[in-house]
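This report covers selected local features of one protein chain. Helix burial comes first, followed by a sheet and two backbone positions.

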Amino acid sequence: MISQTVYILIALLVIFALLLIANIRIVPQSYAFVIERLGGYNATWKVGLHVKLPFIDRISNKMSLKEKVFDFPPQPVITKDNVTMMIDTVVYFQITDPKLYTYGVEKPINALENLSATTLRNIIGELELDESLTSRDVINTKMRSILDEATDPWGIKVNRVEVKNIEPPQAIREAMEKQMKAERERREQILIAEGHKQSSILEAEGKKQSLILEAEATKEAAIQRAKGEAEAILEIQSAKARGLKMLQEAGIGESVLKLRSLEALEVVSNGQSTKIIVPSDIQNMAGFVTSAVEVAKGK
């Protein structure tokens, strides 16, 4: 009897140890476990070592507390001006309350997807096509605000919403491509016209500068030529003045000067001139007649 009792105790201890080991759980970093006891919420296990009661406690949900990224498929939306296009969004969120995430809504990810689709349709329905294509920041901000407020009872925090892609209808895309092509051609023509304009302006400026430089060169040449003539006249007059001064210093009298005048008259008479103009002062000289006769004989 004693041996059987010992065996039973050993067996019970082994079973208890196995149950204890089987109910030991280690919660890793950035994870949380929701524990139910007898079918009702009991606790939320965070990171660390935990032990649950066998057959009484149950792990209802295991979830990651890291930020999640969900790329939802494209959704058909209609703009204010009745253009249907496909838009797909990317939602960044994380679980902040494991209890609310577990018991707040059935299938939270599907609920978030549907909520984002309806919110996107409402926002795009208030915008026209051009505004929808150019107002992504406005759409992202409105969606994040609405989704974050709506998902608070689900234990979800929406951090960011991004419009990934907007696909207008084929006809709209073709029209937009034609418009962009026409705009590029218009800018090209404007650039070409601006180039011709600048070229004409530069050419005219070059001609203007050339004429100005030519006029300035002509002016400078005339000024230099006038300066040269003036200097030449000054040199001649200076030479004459120096000659007269030298004659006066040499003591040459009036008779010598008159004699030199007669010699000059003789040289003139030997020329081809038919008329000779005789200075009045020479006519008064004594012996002028004799000199004139000699000159006549020489002819």
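Which residues of α5 are buried? The model is a predicted one, and in it the buried residues of α5 are I139, N140, M143, L147 and D148. These residues span an arc of only 145 degrees around the axis, which places them on the same side of α5. On the face turned away from that buried side, α5 carries the exposed residues D137, T141 and E149.

What do the buried residues of α5 pack against? Their partners are β8 (84-95), α3 (108-124), α4 (129-134) and β9 (156-167). The helix itself comprises residues 136-150, 15 residues in total. From the first C-alpha to the last, α5 reaches 21 Å, close to the 21 Å expected at 1.5 Å a residue.

**The three-stranded sheet**

Three strands form an open sheet in the order β3-β2-β5, and their pairing is antiparallel. Why is one side of β3 and of β5 left without a neighbour in the sheet? Strands β3 (40-45) and β5 (57-64) stand at the edges and each has a single partner strand, so one side of each remains without a neighbour there. On average, neighbouring strands of this sheet are turned by 25 degrees against each other, with direction ignored.

Strand β2, made of residues 31-37, runs antiparallel to β3, and five bridges join the two. Within this part of the sheet, E36 stands opposite Y41 of β3.

**Two positions with positive phi**

Most residues other than glycine have a negative phi. S30 is not a glycine, yet its phi is positive, at about 65 degrees. F55, also a residue other than glycine, has a positive phi near 65 degrees. The table gives the loop and the accessibility for each.

| Residue | Phi | Loop | Relative accessibility |
|---|---|---|---|
| S30 | about 65 degrees | between β1 (24-27) and β2 | 27%, partly exposed |
| F55 | near 65 degrees | between β4 (48-51) and β5 | 78%, exposed |

Why does S30 count as partly exposed, and F55 as exposed? Buried means under 20% relative accessible area and exposed means over 50%, with partly exposed in between. S30 has 27% relative accessibility and therefore counts as partly exposed. F55 has 78% relative accessibility, so this residue counts as exposed.

The loops also relate these positions to the sheet described above. S30 lies in the loop between β1 and β2, and β2 is joined to β3 by five bridges. F55 lies in the loop between β4 and β5, and β5 stands at an edge of the sheet.

Notes. Residues numbered from 1 in each chain as written. Predicted model: local features only at pLDDT ≥ 70, side-chain atom pairs only at ≥ 80, totals over all residues. Heavy atoms only, no water. Pairing = 2+ DSSP bridges. Helix = DSSP H or I, 4+ residues; strand = E, 2+ residues; numbered from the N terminus. Axes fitted to C-alpha atoms, helices over the stretch in contact; angles between N-to-C directions. Expected span 1.5 Å × (residues − 1). Buried < 20%, exposed > 50% of the residue type's maximum accessible area, 1.4 Å probe, protein only. Arc of directions from axis to C-beta. Contact = heavy atoms within 4.5 Å.
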